[in-house]
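Let's take a friendly walk through this protein, one feature at a time. Keep the picture open while you read.

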Amino acid sequence: MRVKINLDTMKDINDFVRVCTGVTVPVHITDGAGLKVSGKSLLGVMYAMEFTEIWCECEKDIYLEIERFIVD
């Protein structure tokens, strides 16, 4: 699964990391051009805010868990 996401506030970042921490498989945040951090890492996701675009990648379908962060 690969979806574009938007994390505007620190609350969004904390909520996203909390959701990802509950997922049993790795969740990654990428910029689509090679940079990648763990979606379960608060510092990693904060660093990802510098990316031009933010994508969430996971081998498991977690759409329903992160639906509110997905960009239409």
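## A salt bridge to start with

Glu53 and Lys4 join their side chains in a salt bridge, with 3.5 Å from N to O. These two come from distant parts of the chain: Glu53 sits in the loop between H2 and S4, while Lys4 belongs to strand S1, 49 residues away. Before going on, bear in mind that this is a predicted model.

How open to the outside are the two partners? Glu53 is partly exposed because its relative accessible area is 33%, a value in between the 20% limit for buried and the 50% limit for exposed. Lys4 also counts as partly exposed, at 30% relative accessibility.

## The sheet

Now for the strands. Strands of a sheet pair through backbone hydrogen bonds, and they can do that in a parallel or an antiparallel way. Here, four strands make an open sheet, lined up as S1-S4-S2-S3, with antiparallel pairing. On the edges you'll find strand S1 (2–4) and strand S3 (36–38), each of which pairs on one side only. Going from one strand to the next, the twist averages 30°.

Let's zoom in on two of those pairings. S1 and S4 are antiparallel and share three bridges. Our salt-bridge residue Lys4 turns up again here, standing opposite Trp55 in S4. On to the next pair: strand S2 (residues 27–30) and strand S4 (residues 55–58) run antiparallel and are joined by four bridges. As an example, Val27 has Cys58 in S4 as its bridge partner.

## A loop residue

Thr52 is in the loop between helix H2 (42–48) and S4. Is Thr52 buried or exposed? Thr52 counts as exposed because its relative accessibility is 83%, and the cut-off for exposed is over 50%.

You can also check how Thr52 sits relative to Ala33. The two are 19 residues apart along the sequence, and their C-alpha atoms are 9.6 Å apart in space.

## A network around Asp15

How many salt bridges are there? The count comes to five. Lys11, Asp15, Arg18 and Arg68 are linked in a network of salt bridges, so let's follow two of the links, starting from the cut-off of 4 Å between nitrogen and oxygen.

One link is between Arg18 and Asp15, whose side chains meet at 2.8 Å, N to O. Both residues lie in helix H1 (residues 10–21), three residues apart, which is about one turn of the helix. Their surroundings are described by opposite words, though: Arg18 counts as exposed at 56% relative accessibility, whereas Asp15 counts as buried at 8%.

Another link is between Arg68 and Asp15, with the closest N and O atoms 2.5 Å apart. Arg68 lies in the segment after helix H3 (63–66) and Asp15 in helix H1, so this salt bridge ties together parts that are 53 residues apart in sequence. Arg68 counts as exposed, with 55% relative accessibility.

## Putting it together

Two salt bridges described here reach across the sequence: Glu53 with Lys4 links parts 49 residues apart, and Arg68 with Asp15 ties together parts 53 residues apart. Arg18 and Asp15, on the other hand, are three residues apart in helix H1.

Terms used: Residues numbered from 1 in each chain as written. Predicted model: local features only at pLDDT ≥ 70, side-chain atom pairs only at ≥ 80, totals over all residues. Heavy atoms only, no water. Pairing = 2+ DSSP bridges. Axes fitted to C-alpha atoms, helices over the stretch in contact; angles between N-to-C directions. Buried < 20%, exposed > 50% of the residue type's maximum accessible area, 1.4 Å probe, protein only.
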